[in-house]
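Dear colleague,

I am handing over the structure we spoke of, and I would be grateful if you would look at it alongside the notes below.

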Amino acid sequence: MRVAVVGLNESRSVLARVEAEAPVQIKEAVEGFAHSKCDPSKPEIYSPRTDAVERIAEGDAESAEVIGTGNLHEALHLKCTMCKTNTEQGKINDRFNAIAIKNCTESVNVHQLHNVLEDPRIERIGCEFLPGKEGDFTSLITIMHSKDNGFKWEKARNCLAVTGQYLLLHSRYVYSKATCLTEEVDKGEKAMTYYYKPEEIRKIQEIADTAIMTGHFGDGKNFENGIKVLDCVEKIMKMINEAQKRYDDESQSQNERTEDSQPQDGDGEDDTK
C-alpha cells in the first residue's frame, strides 16, 4: 500500500538519522495525530492519511495545522528515546517494570510520568537540530490540552494526575516560553499545594529540569540518557507516593475529627420506655 505522508518533510531529516537495528517504516494512522513504535528491530512512525487530515481540517483547522509538528515529535522519539539495540531497549523496559513494582503502581503510570518528562526533553533536543520550532511545539501541546477544555484541577484529587499535568504544562511554559499557558500553570501550582510543601514543589521542578536537560541531538547516548531520565522518574514517583499517603492520612484524620465532634444519637436520654 502506498503511504500518503502528511507533513513529514522536516521529520525525514530526523528519521534519516535514527540509529536502530532496522530502518524506520512509515505507515498510515487511521485518524488523529501521529504515533510511533520504539522497537529497534522494527521502528515505526504512523502518520495520518491525507483524507484523515482533510476531515480534521473541515471541523478543526487548528488541529490540522499541527499534524506536521506531531509527526516531527514522533520522529524525535525514534531518534532520541529509542535505544540502538533490543538488548538496551529491554533493559529500559525492565527498569519501567522495576519502578512500578517498587512504588506499588501500574507500569502504565510509570510510562505516563516518563512521557511527561520525555516529551519536552526530545522537543528541546529537536530545537537544537531545527532552531525556531519552539512555537510549533507550543501550539501542539496547547491544542491537545484544550481538546478536553483543559485539566479539571479543582476536581482532581489524585496526586499522580495533578503532578503529571502540572509538569507537562510547566515544562512547556519554561522551555518553550509558552506564556499562553500562564493561567493553567498557575492553576496547576495551586493544585500542587494540596499535596506538597513549597520546597517539595521546587524539588520536583529541579528533578524534572535534570531529566529535560539530559542529552543532545546525535550524542549516541540514548541508553545512558534513558537511564538518567528514569532515575528522575523514580525520584518523582517516590515523592508522589509519599505526598498521596500524607494527603490521604490527613483527610482520614479530618473525617475522624468531624465524626467525633458530632453529637451521638440518644446522648443523655433513656430511649427505653
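What follows goes through the open and enclosed spaces, then the charged pairs, and lastly the cysteines and one buried glutamine.

Please keep in mind throughout that this is a predicted model.

**The largest pocket**

The largest pocket holds about 820 Å³ of space, and 38 residues line it, with His-77, His-111, Asn-115, Val-116 and Asp-119 lying nearest its centre. Six helices each supply at least two residues of this lining, namely helix 4, helix 5 (86-102), helix 6, helix 7 (134-146), helix 8 and helix 11. Among these, helix 6 gives the most, contributing 11 residues to the lining of the largest pocket. Sorted by class, the lining of this pocket has 17 nonpolar, 15 polar and 6 charged residues.

**The cavities**

Turning to enclosed space, the structure holds 2 cavities of 30 Å³ or more. The largest cavity contains about 100 Å³ of space, and of the 14 residues that line it, Lys-79, Cys-80, Asp-219, Gly-220 and Asn-222 are the closest to its centre. Helix 4 (67-81), helix 6 (107-129) and helix 11 (222-261) each supply at least two residues of that lining, and the residues of the lining divide into 3 nonpolar, 5 polar and 6 charged. Helix 4, helix 6 and helix 11 are also found among the helices that each supply at least two residues to the lining of the largest pocket.

The second largest cavity, with about 30 Å³ of space, is lined by Leu-167, His-170, Ser-171, Tyr-175, Gln-205, Ala-208, Asp-209 and Ile-212. Here helix 8 (159-175) and helix 10 (198-212) each supply at least two residues of the lining, which by class has 4 nonpolar, 3 polar and 1 charged residues.

**Salt bridges**

The structure holds 16 salt bridges, and I describe a few of them that you may wish to inspect. Which residues are linked with Arg-95 in a network of salt bridges? The network is made up of Arg-95, Lys-102, Asp-231 and Glu-234. Within it, the side chains of Asp-231 and Arg-95 meet in a salt bridge with an N to O distance of 2.7 Å; because Asp-231 lies in helix 11 and Arg-95 in helix 5, this pair ties together parts that are 136 residues apart in sequence. Glu-234 also forms a salt bridge with Arg-95, the closest N and O atoms being 2.8 Å apart, and this pair likewise links distant parts of the chain, with Glu-234 in helix 11 and Arg-95 in helix 5, 139 residues apart.

As for accessibility in this network, Arg-95 is buried, with a relative accessible area of 18%, and Glu-234 also counts as buried, at 17% relative accessibility. Asp-231, on the other hand, has a relative accessibility of 31% and therefore counts as partly exposed.

Another salt bridge joins the side chains of Glu-44 and Lys-42, at 3.7 Å from N to O. In that pair, Glu-44 is buried, with a relative accessible area of 2%, whereas Lys-42 counts as partly exposed at 40% relative accessibility.

**Cysteines**

How many disulfides does a search of the whole structure find? The search finds 0. Cys-38, for example, is in no disulfide, and the nearest cysteine sulfur, that of Cys-83, is 9.0 Å away; since a disulfide requires a pair of cysteine sulfur atoms within 2.5 Å, this separation does not qualify. Cys-38 has a relative accessibility of 28% and so counts as partly exposed, while Cys-127, at 13% relative accessibility, counts as buried.

**A buried glutamine**

Finally, I would draw your attention to Gln-244, which is found in helix 11. Is this residue, Gln-244, buried or exposed? With a relative accessible area of 18%, Gln-244 is buried, and a polar atom of the Gln-244 side chain lies 2.7 Å from the backbone nitrogen of Cys-159.

With best wishes

Key:
Residues numbered from 1 in each chain as written. Predicted model: local features only at pLDDT ≥ 70, side-chain atom pairs only at ≥ 80, totals over all residues. Heavy atoms only, no water. 1 Å grid on protein atoms, 1.4 Å probe; cavity = no way out; pocket = protein on both sides within 12 Å on 5 of 7 lines; lining within 4 Å. Points joined across faces, edges and corners; volume = space filled by probe spheres on them. Helix = DSSP H or I, 4+ residues; strand = E, 2+ residues; numbered from the N terminus. Nonpolar A, V, L, I, M, F, W, Y, C, P; charged D, E, K, R; others polar. Buried < 20%, exposed > 50% of the residue type's maximum accessible area, 1.4 Å probe, protein only. Polar contact = N/O pair within 3.5 Å; in protein donor to acceptor, adjacent residues only side chain to side chain. Salt bridge = Lys/Arg side-chain N within 4 Å of Asp/Glu carboxyl O.
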